[in-house]
Amino acid sequence: ATSFLFTEYQYVGVFMVAFAILIFLFLGSVEGFSTKPQACTYNPEQLCKPRLATAVFSTVAFLLGAITSVLSGFLGMKIATYANARTTLEARKGVGKAFIVAFRSGAVMGFLLAANGLLVLYIAINLFKLYYGDDWEGLFEAITGYGLGGSSMALFGRVGGGIYTKAADVGADLVGKVERNIPEDDPRNPAVIADNVGDNVGDIAGMGSDLFGSYAESSCAALVVASISSFGINHEFTSMCYPLLVSSMGILVCLITTLFATDFFEIKAVKEIEPALKKQLIISTVIMTVGVAIVSWVALPSSFTIFNFGTQKVVKNWQLFLCVCVGLWAGLIIGFVTEYYTSNTYSPVQDVADSCRTGAATNVIFGLALGYKSVIIPIFAIAVSIYVSFSFAAMYGIAVAALGMLSTIATGLAIDAYGPISDNAGGIAEMAGMSHRIRERTDALDAAGNTTAAIGKGFAIGSAALVSLALFGAFVSRAGISSVDVLSPKVFIGLIVGAMLPYWFSAMTMKSVGSAALKMVEEVRRQFNTIPGLMEGTAKPDYATCVKISTDASIKEMIPPGALVMLTPLIVGIFFGTETLSGVLAGALVSGVQIAISASNTGGAWDNAKKYIEAGASEHARSLGPKGSDPHKAAVIGDTIGDPLKDTSGPSLNILIKLMAVESLVFAPFFATHGGLLFKI
């Protein structure tokens, strides 16, 4: 896993430097690289620091965000690779002990990430302040580079890791389980090492960078809007830092919450695992509500004004508290709806499992229908939180609602990273030839982990929708657009093209997984056919070739989707101008959220339907047959189709939405002065 990440980071590092130079050139050229102080954008009477300074500091912030993002992904992966073997060893003592190890290691990663993101951002703000002094508008405009850096690294981590893990997973499953009838994670399967490495690289490093990106961006969006509101104009530093205070309160709340899972209550039986993880979400949300109330009461003045597209809107501190809470509780609702649709204790997944009786086709039909249906409630939750928070505090309200959803990120990541860790623990138990009992325990941990991973993805997608809307608002204010008119042809063509982008992006990622899996299947078949004694277990397979196939495929294939996302805002902004770009952002947001939710829930449901049949815990599950029966084979096919949906294209889409919005915000000054070349001719 380490060697893959280093290879990936070499490629990403080159991109990082190139893009940093691009940011500097574009933003520096707004006023022709002059070092004279400028009139401020929002308050023309005052003088602000020169544009060149903003260019330099945006570039620095971009690099800071990128490095922090890479670091948080890498450290998370390190923790996970240490933790999985320990979980397997603890499973000898019982389920409860194994659960505590897996959960604690997930929590280490969650806290590390939340704290890292907050620390670097706070230090950056204070260092930039030494230069900017009273020019807070320029200061926080430069800080937006931090969010861009965080997310652009997350994109490559998520897409690269996702292609890596799924190429191996699909290849291992198709040949091993369907053709050769050997169990999952069997050491005779050549792709088994690549599959287990992939869990760490995609689910842990990718997820870590992804949530870090959301976190950095929602903070940046809130800070940008605040800097041109009364907080920024009157230089009230405490209330300016309100978004950071909410996040730091979140870290404290999550510390208390994790004790409930590990210390206050002991887990003794398998059926207590999933409720314990769900309680984590509820407890953290309830305590956080109190925490936000305290922060809002202490840090905010009782009445203040918020910038709202050219006017200042008067807001009370209790209204801002409600904005954060709306986001917080919407996150919980999205989490639970996701859980209902992907956990095998409820009817939706059991229906999908039941449809395997008549083969793979009905399984696929039911699974797709389930995914589309699971979009309904989360979208309503997002819609309500957008309406409430916007009517209370304009764009700032939406930014803090996104922060509210992400404030319990440490707990969210703990239950999310727990999934891949217990998955790997099962793989290690199988490969080490440990007793059947231990594999059953790790499987029980893993089935709960599948659902929590789906909950984590739900959070990531919901917060991405709110974050990108907040960034969109900041971009519209910064680019000086008074209103976005859907009836104007410039905007409408943007909308329709923007809505197409998630499909184009998904097509690229899905096809990459497909073609990499094809190579993998051929390689695994070749080894089974040519290495004598492999099936009997007397000869060892060549694991390294399979790892190499995954590595090469993911490095090569992560470039085109990445380029699509990074170049679209630049091309649209330069040639078509800010109005068309605002259309593109809105279109991508609207269609991206739907595909992302449905893809990740469809995949999760197929995976758990297969687990439901394999576990045989109920009368109904046993009637669908043991491993190797026809319904089980149909379920495995569904699971294999769902793999790229739930682990590559679904989770990467939320980065597409956020990244385009934050990139447009960073380049907004350039687009506003030099953009729209085609319409100027």
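At what angle do helix α16 and α18 pack, and how far apart are their axes?

## The α16–α18 pair

Helix α16 (residues 489–530) packs against α18 at an angle of about 60°, and their axes lie 6 Å apart. (Axes are lines fitted to C-alpha atoms, for helices over the stretch in contact, with angles from 0 to 180 degrees between N-to-C directions; helices are DSSP runs of H or I with at least four residues, numbered from the N terminus.) α16 and α18 are therefore oblique to each other, that is, outside the ranges under 35 degrees (roughly parallel), over 145 (roughly antiparallel) and 65 to 115 (roughly perpendicular).

This model is predicted, so to speak of local features takes pLDDT of at least 70 and side-chain atom pairs need 80 or more, while totals for chains, interfaces and linings use all residues. Residues are numbered from 1 along each chain as its sequence is written, and side-chain values use heavy atoms, leaving out hydrogens and water.

## The α2–α3 pair

Now to another pair: the axes of helix α2 (residues 51–90) and helix α3 (residues 95–132) come within 9 Å and cross at roughly 165°. α2 and α3 are therefore roughly antiparallel to each other.

## A nonpolar surface patch

Back at α18, Phe 575 has its place in this helix. Phe 575 also belongs to a nonpolar surface patch with Ile 493, Leu 567, Ile 571, Leu 677, Leu 678 and Phe 679, together having about 600 Å² of accessible area (Shrake-Rupley method, 1.4 Å probe, only the protein chains shown counting as cover). Patch residues have over 30% relative accessible area and no salt bridge (a side-chain nitrogen of Lys or Arg within 4 Å of a carboxyl oxygen of Asp or Glu); like charges are joined within 9 Å, and nonpolar side chains (Val, Leu, Ile, Met, Phe, Trp, Tyr) within 5 Å. α18 (559–615) and α21 (677–680) each supply at least two residues of the patch.
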